[in-house]
Every structure is written in C-alpha cells, then in structure tokens.
Amino acid sequence: MAGNGDELPILVAQSGPLNGKRWMLQGAIILGRDEQCDVVIPDRQVSRQHARITPTSGGILLEDLGSKNGTHCNGAPVDGNILLQDGDVVQIALAQQFIYLSSDATLPLEASFVDHSLTEPALPCRLRLDIRSRRVWIDEVEILPPLSASQFHLLEVLYENQGDVVSRDVLINSVWGDEVANGVSEQALDALVRRLRDRIAAIDPTHSYINTIRGHGLRLENPPDEG
C-alpha cells in the first residue's frame, strides 16, 4: 500500500444520502445500514452489512456480503470478490453510489466536467460526461444506473471527436482493445450502439445524438444547451 495520504486510494460518495463524503482506504471497510459499519448508509434498501472493500497487496477488492438488494460495479452485479479499477462506479442497492479513485490526486473537482480543450465546443452542450467518474448527463439529468464500461468507452470516443465521423474500426479497437478487436463482429458493435442509443433516448428522445454515416462510421451530434 502507498505510504502517504496523497497516494492512498479513496472512495467518494455521490448520488445518494452520503453525497460528497469521502473515505481514504487505509484498511478494510464495511458498508451497510448498521450503525457499527465503517460507512453507514441510512436507507432501508441497504442491508445491515452490505459490502466490504479491502485493500490488499494486489489491489482494492470489493465484495458483496450476501446483501438482499445487491452491489453493482459499473452496472454489473458483484458476485464474489472483484478488483476495483480507477474510476469504477460502485452502487449499493439503489440507495447510494460511490466512485473509486486509485489516489487522491485523481479526485475530480467538484461539479467539474471533463475538459478537452481541442474537442469541447465553444458553447455548453446538452450531453456532457466526466471521464474520471464515468458519469453522463443530458440536459443536467444524469443517466442512471451508470452506463456499462463498453457503452461509456464508445460514448467517450465519440464525445472526444464530436461533430466528426469516427470509423467503425477505430470504435471497435477503442472499446474492445487491439488484442481482441479482430474477433469482434460488426453485429457486436451495432448491438452496443443500439443499447447506448436506447439509454440516451430514455433521457432525451427528441434528438438523435449518435448518427450512422453509411460507409464511413458514426458521429456524435451534440446540440448546444439552450438552458
């Protein structure tokens, strides 16, 4: 484990009753409704001892403790131990969301969104995302539960190149990685795009954000925020 506070991993609460609070992960912590827990979440959806986060020599482990309403990481249910990665989003039942950061140095500024000086439009746009926390907002409404890792990576590539066409090959390599991209079918990308469009449309069905440019690829069309 790291030897000073600046390098300690950190758990930050968001989208729940503990919003804004943070915990340095110097040792194992238990999250739950019971007042004896290290992180007390005052909601009846949360089990008395709901989940455990444990620093080990190999990384930070997240474990569901047989909770009634489940623990999720990046939208996927936690079954057994999983190794947390920087920026992972942990959901306790439907009551409380946390973001795991590998050190305090990567903590996002409060209420700040990702800044891409070369790709951000001059005017604020309807769709905004924070790469560090993997959170997405449309018209100031956050997409919850969070996008899956593959959905977010797809949107991230389009967001960084919004207004430009991104080829299907670039998207596949970005989402699945160079090592496995050759085995990924066009149908798999189409299915991922369809699911992402559905998640966005659930917040704003009035605009087509992700458009297919036949024979070329995909383009994110992100209109200015009129609010």
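**A tour of the sheet, a pocket and a helix pair**

Start by selecting Leu11 and Tyr100: Tyr100, in strand S11, is the bridge partner of Leu11. The model is a predicted one, so treat each stop as a feature of that prediction.

Next, extend the selection to residues 10–14, strand S1, and residues 96–101, strand S11. These two strands pair in the antiparallel sense, over five bridges.

Now show the whole sheet around this pair. The sheet is open and has six strands, in the order S2-S1-S11-S10-S7-S8, with antiparallel pairing. To find its edges, select 22–24 for strand S2 and 76–77 for strand S8. Each of these edge strands pairs on one side only.

For the next stop, select Ser15, His72, Asn74, Gly75, Val89, Gln91, Ala93, Leu94, Gln97, Leu144, Pro145 and Pro146, which line the second largest pocket. That pocket has a volume of about 190 Å³. Colour the lining by residue class: six residues are nonpolar, six are polar and none is charged.

Finally, move to the helices. Select residues 149–160 for helix H1 and residues 186–203 for helix H4. Their axes come within 10 Å and cross at roughly 85°. An angle of 65 to 115 degrees counts as roughly perpendicular, and H1 and H4 are therefore roughly perpendicular to each other. To view the contact, show Ser150, Gln151, Leu154 and Leu155 on the H1 side, and Leu189, Leu192, Val193, Arg195, Leu196, Arg199 and Ile200 on the H4 side. By class, the residues of this contact divide into seven nonpolar, two polar and two charged.

Conventions. Residues numbered from 1 in each chain as written. Predicted model: local features only at pLDDT ≥ 70, side-chain atom pairs only at ≥ 80, totals over all residues. Heavy atoms only, no water. Axes fitted to C-alpha atoms, helices over the stretch in contact; angles between N-to-C directions. Helix = DSSP H or I, 4+ residues; strand = E, 2+ residues; numbered from the N terminus. Parallel < 35°, antiparallel > 145°, perpendicular 65-115°, else oblique. Contact = heavy atoms within 4.5 Å. Nonpolar A, V, L, I, M, F, W, Y, C, P; charged D, E, K, R; others polar. Pairing = 2+ DSSP bridges. 1 Å grid on protein atoms, 1.4 Å probe; cavity = no way out; pocket = protein on both sides within 12 Å on 5 of 7 lines; lining within 4 Å. Points joined across faces, edges and corners; volume = space filled by probe spheres on them.
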